[in-house]
Amino acid sequence: MVQAGYAVTTHQRDADVIVVTTCAFLGSAVKESEEAIQSVLAARRPGQRVVVCGCLVERFGNRLRRRLPGIDLFVPLNRMPRLPALLATSDVSHPASDISHPPRLLSTPRHYAYLKIAEGCDNRCSYCLIPSIRGPRRSRPLAEVVAEAQSLARQGVRELILIAQDTTAYGIDSCSRPALPRLLRALAAIRGVRWLRLMYAHPAHVSQALLREFESNPRLCRYIDLPIQHSSSRLLSLMRRHYDREHLEQLIARLRRVPAMHIRTTLIVGFPGETEQEFEELLEFVRTARFDRLGAYGYSPEPGTRAARMSGQVPGPVKLERLGRLMRLQARVSREKLAALVGRNVLVLADDERTGRTQWDAPEIDGKVKFTRPVSPGSFVRCHVVRATTHDITAAPTRRASPKDKVQRTKQVERGKS
Ligand code: SF4
């Protein structure tokens with residue numbers, strides 16, 4: 001859009017065209033997307049055009065025209081790169097684009113960026129609509145990902161957050177073998193990039209090579225987002241996750257041997273057929289594994305998935321009650337873990353003058369570091385932790401970090417552990 005001569009504004013009143021990018025993989029995401037669209041329509045001034053693009057369009061297609069009258073243009077995923085041409089013609093039958101990765105315009109703060117390494121998923125978990133919305137996995141060529149990362153680094157990005165539906169399967173389609181460790185090494189060599197963060201690591205695809213990379217790559221944050229979903233082998237099989245409880249126990253134990261490693265996970269409660277005993281076992285698993293970060297949601301039956309047709313659907317109030325118990329348990333674990341940081345030194349990347357993150361926190365989903373005095377946004381700051389709450393810590397900046405601090409910090413944390 002920028003290349004086509006458009007200027008970007010985040011104020012609706014100033015815009016000639018309002019583009020709403022949507023998510024639709026869960027009922028709650030559909031609701032949120034539709035609410036966002038309705039609020040845009042309610043504030044629309046005469047002459048403004050409203051475009052809806054992304055997964056909502058992919059999931060519901062032409063049915064959206066009836067559900068959302070007043071929209072000028074619906075754009076499915078593969079046509080998003082052709083948005084300027086589509087706006088010129090207002091013709092949605094325009095041929096699909098072959099520009100799969102147009103140039104980036106950063107919408108995150110200047111110092112971090114999400115880097116998409118693959119699109120689509122082949123796992124077909126029984127509760128998930130994403131493969132039918134996003135299609136099969138297509139890993140981006142390594143050279144293309146590295147070139148994008150280099151361009152982001154030149155724009156000032158210091159932290160790259162690797163995303164895909166399943167990052168650990170990167171390369172299996174194009175190279176017939178996992179290529180994530182090779183990609184991580186190539187990204188680590190980019191001048192200016194100091195943190196690499198790995199999100200959405202499928203537990204069935206964490207390779208030995210990746211585990212060694214965590215031990216040897218100084219730029220790879222000692223942080224893994226490992227959505228395990230449940231601990232019951234029976235439910236994991238019904239979910240079609242391709243691993244069982246024993247695999248999880250071994251993997252978590254191996255990850256814990258990586259110095260300073262922090263594990264984030266996601267869990268589903270109330271999956272069809274989940275008994276009270278299986279839920280109790282999940283609580284016990286969480287109590288033992290002591291995940292450093294944890295997100296959970298109540299199972300949502302999505303029409304079109306196998307799981308939605310399964311018998312034994314768990315009533316909503318039971319799901320909510322289980323979710324509450326799980327999150328209260330995790331709050332206790334998190335409080336204890338963060339309290340142990342008080343009195344220690346940590347390296348923090350400042351997201352703004354007042355808050356930042358350690359290498360163990362991803363933006364938007366994990367906790368924050370609150371600074372006791374303002375610092376320069378986008379800088380790495382050495383800090384002394386003075387207070388901790390359930391999810392956040394407060395830290396006093398000691399000085400701006402030098403490039404050598406990353407290595408020193410890792411050594412300090414290792415010494416602290418031993
Ligand atoms: Fe969906 Fe993730 Fe399973 Fe792929 S791995 S089917 S995106 S839940």
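Two strands are taken to pair if DSSP finds at least two bridges between them. Strands (E, at least two residues) and helices (H or I, at least four) are DSSP runs, numbered from the N terminus. By these criteria, strand 8 (residues 195–198) and strand 9 pair in the parallel sense over two bridges. L198 stands opposite I224 in strand 9.

The model is predicted: local features need pLDDT of at least 70, side-chain atom pairs count only at pLDDT 80 or more, and totals for chains, interfaces and linings use all residues. Residues are numbered from 1 along each chain as its sequence is written, and side-chain values use heavy atoms, with hydrogens and water left out.

Strands 8 and 9 belong to an open sheet of six strands with parallel pairing, in the order 4-7-8-9-10-11. Strand 4 (112–116) and strand 11 stand at its edges. Each has a single partner strand, so one side of each is left without a neighbour in the sheet. From one strand to the next, the twist averages 20 degrees. Angles run from 0 to 180 degrees between N-to-C directions; axes are lines fitted to C-alpha atoms, for helices over the stretch in contact. Helix 6 (residues 142–154) packs on this sheet and touches strand 4 and strand 7 (159–163). Contact here means heavy atoms within 4.5 Å. The direction of helix 6 makes about 170 degrees with that of strand 4.

Strand 10 (residues 262–269) has a partner on either side. Three bridges join strand 9 (residues 220–225) to strand 10, in parallel. D225 has R264 as its bridge partner in strand 10. Towards strand 11 (residues 293–298), strand 10 pairs over six bridges, again in the parallel sense. There, T265 stands opposite L294. Eight of the eight residues of strand 10 are buried, so this strand is largely enclosed by the rest of the structure. Buried means under 20% relative accessible area, exposed over 50%, and partly exposed in between (1.4 Å probe, protein chains only). H262, R264, T266 and I268 point one way from strand 10. I263, T265, L267 and V269 point the other way.

A second open sheet has three strands in the order 1-2-3, also with parallel pairing. Its edge strands are strand 1 (17–22) and strand 3 (73–75), each pairing on one side only. The twist averages 20 degrees from one strand to the next. Strand 2 (residues 49–54) is joined to strand 3 by three bridges. V52 has F74 as its bridge partner in strand 3. Helix 1 (residues 27–42) packs on the sheet, touching strand 1 and strand 2. Its direction makes about 170 degrees with that of strand 1.

Helix 1 contains E34. This glutamate is buried, with a relative accessible area of 19%. Leaving aside neighbours within four places in sequence, E34 is in contact with L56, L64 and R67. E34 and V52 are 18 residues apart in sequence, and their C-alpha atoms are 9.9 Å apart in space.

Nonpolar cores were defined as sets of buried Ala, Val, Leu, Ile, Met, Phe, Trp, Tyr and Cys residues joined through side-chain atoms within 4.5 Å. The largest holds 65 residues. Within it, L160, L162, L180, L183, L187, L226 and F291 touch the most other members. Helix 11 (residues 276–289) gives the largest share of this core, six residues. Beyond its neighbours within four places in sequence, L183 is in contact with I117, L142, V145, V146, L162 and Y170. Another core, of 21 residues, lies apart; V40, C55, L68 and L77 are among its members.

The ligand is surrounded by C121, N123, R124, C125, Y127, C128, I130, P131, Q165, H202 and R241 (each with a heavy atom within 4 Å). This shell divides into six nonpolar, three polar and two charged residues. Ala, Val, Leu, Ile, Met, Phe, Trp, Tyr, Cys and Pro count as nonpolar, Asp, Glu, Lys and Arg as charged, and the others, Gly among them, as polar.

S126 lies in the loop between strand 5 (118–119) and helix 5 (130–134). At 3% relative accessibility, S126 is buried. Outside the four nearest places in sequence, its contacts include L238, M239, R240, F271 and M310.

R240 itself is found in the loop between helix 9 (233–239) and helix 10 (245–256). R240 has a positive phi of about 60 degrees although it is not a glycine. Its relative accessibility is 30%, partly exposed. R290, in the loop between helix 11 and strand 11, also has a positive phi, of about 45 degrees. R290 is partly exposed at 29% relative accessibility.
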